[in-house]
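Student: Hi! Could we go through this model together?
Tutor: Sure, happy to.

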Amino acid sequence: MNNNLTNQSQSDKKFSLLTYLLIVFAISWPFQAFIFFFPEALWASKMLLVSMIMVTVGTFIAGKYVFRDTFRDAGWNWGKPKYYLIVFALPVIVWVFPQFITILLGMQTLPESFNIFNAITLFLQSFTITLIPAFGEEFGWRGYLLPRLLLKHSIKKALIIQAFIWWGWHLPVLIFAGINTPIVKENIILSIIIILAISIVPSMMHAVIFSYFWSASSSLLVATIYHAAFDEVRDTVENIVSLGSLAQLWQMLLLTFIGAILLWKGKWKKLENRKNAIAKPVHYSHS
């Protein structure tokens, strides 16, 4: 005999932002702490990748065992080809373009050993390695957290809250940068404060860009590829010619501008659809 039962796709236990963040930060932040104790060790810097993966581990624990939640709205789609072109093109515009300008103006020179084939190979190797850690963040911040923020907040407010959390998750790395590359050498505390103040708006607007790619494409894969491409185009350029001040200023201004435009004028209709999908009941049969 079959009985039709109705089960809400929302959590059996109501989602708590504070509980979620405590779980995710507690699991992922310790791996960022290694860089403070072993600043010169390469393996310690690689722990940052583990920290990214732990965002997904924490999200899975919180969703599966604490909130008894569903992950069906995370974005399990391939996404259209145009989105892949865009997410590869933007990192090139952000990181390669300003370096090209500095070289053109004679402010930098390519090393004699530079080989475009080797540069592409270096990028592809690091890009492939970074895909799993990149997914770790995207599944947590975009695939899981953002839809749940939408249940209580407007789209813009949810985007801003999620963006602030994403920036806050990077605090150990930002503080480490203030300690090891101080802007004011005589005052490390002031250097940290300056770095935090300078980074918060560009970082939050970049989070909006991540969210837009995820929302527009309905695909975690698209967001993941953008994350990996952005990080590894940056690192490849840094390894070949080093990132100058123009590149840093350019990426901050460009990402802030694009993120602000998307936040203000972006089409976020799919986020509304996701909000409705989370609350939609699921029917199943039970014997």
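Student: What volume does the second largest pocket have?
Tutor: The second largest pocket has a volume of about 390 Å³. A pocket here is an open set of points on a 1 Å grid over the protein atoms alone, where a 1.4 Å probe fits and protein lies on both sides within 12 Å along at least five of seven lines. The volume is the space filled by probe spheres set on the points, which are joined across faces, edges and corners.

Student: Which lining residues are closest to its centre?
Tutor: Val96, Phe114, Ile116, Val237 and Ile240 are the closest of the 16 that line this second largest pocket; lining residues have an atom within 4 Å of a point.

Student: And which element gives the largest share of the lining?
Tutor: That is α4, with five residues. Helices are DSSP runs (H or I, at least four residues), strands likewise (E, at least two), numbered from the N terminus.

Student: Before I go on, what kind of model is this?
Tutor: This is a predicted model, where local features need pLDDT of at least 70, side-chain atom pairs count only at pLDDT 80 or more, and totals for chains, interfaces and linings use all residues. Residues are numbered from 1 along each chain as its sequence is written, and side-chain values use heavy atoms, with hydrogens and water left out.

Student: What does the chain average in pLDDT?
Tutor: The average is 89, and 91% of the residues score at least 70; pLDDT is the predictor's confidence in each residue, from 0 to 100. Among the elements, helix α1 (residues 17-32) has the highest mean, 98, and strand β1 (residues 3-8) the lowest, 36. Residues 1-12 fall below 50, with 39 contacts in the model beyond near neighbours in sequence (contact means heavy atoms within 4.5 Å). Where pLDDT is low, the predicted coordinates should not be read in detail.

Student: New topic: how many aromatic pairs are there?
Tutor: The count is 28, for Phe, Tyr and Trp rings (six-membered ring for Trp) with centres within 6.5 Å; planes under 30 degrees apart are stacked, over 60 edge-to-face, the rest tilted. Phenylalanine 38 and tryptophan 43 are tilted because their planes are at 50 degrees, with centres 5.0 Å apart.

Student: What about tryptophan 76 and phenylalanine 135?
Tutor: They are tilted too, 6.4 Å centre to centre with 45 degrees between the planes. Tryptophan 76 lies in the loop between α3 (42-66) and α4 (81-104) and phenylalanine 135 in helix α5 (residues 116-149), so the pair ties together parts 59 residues apart in sequence.
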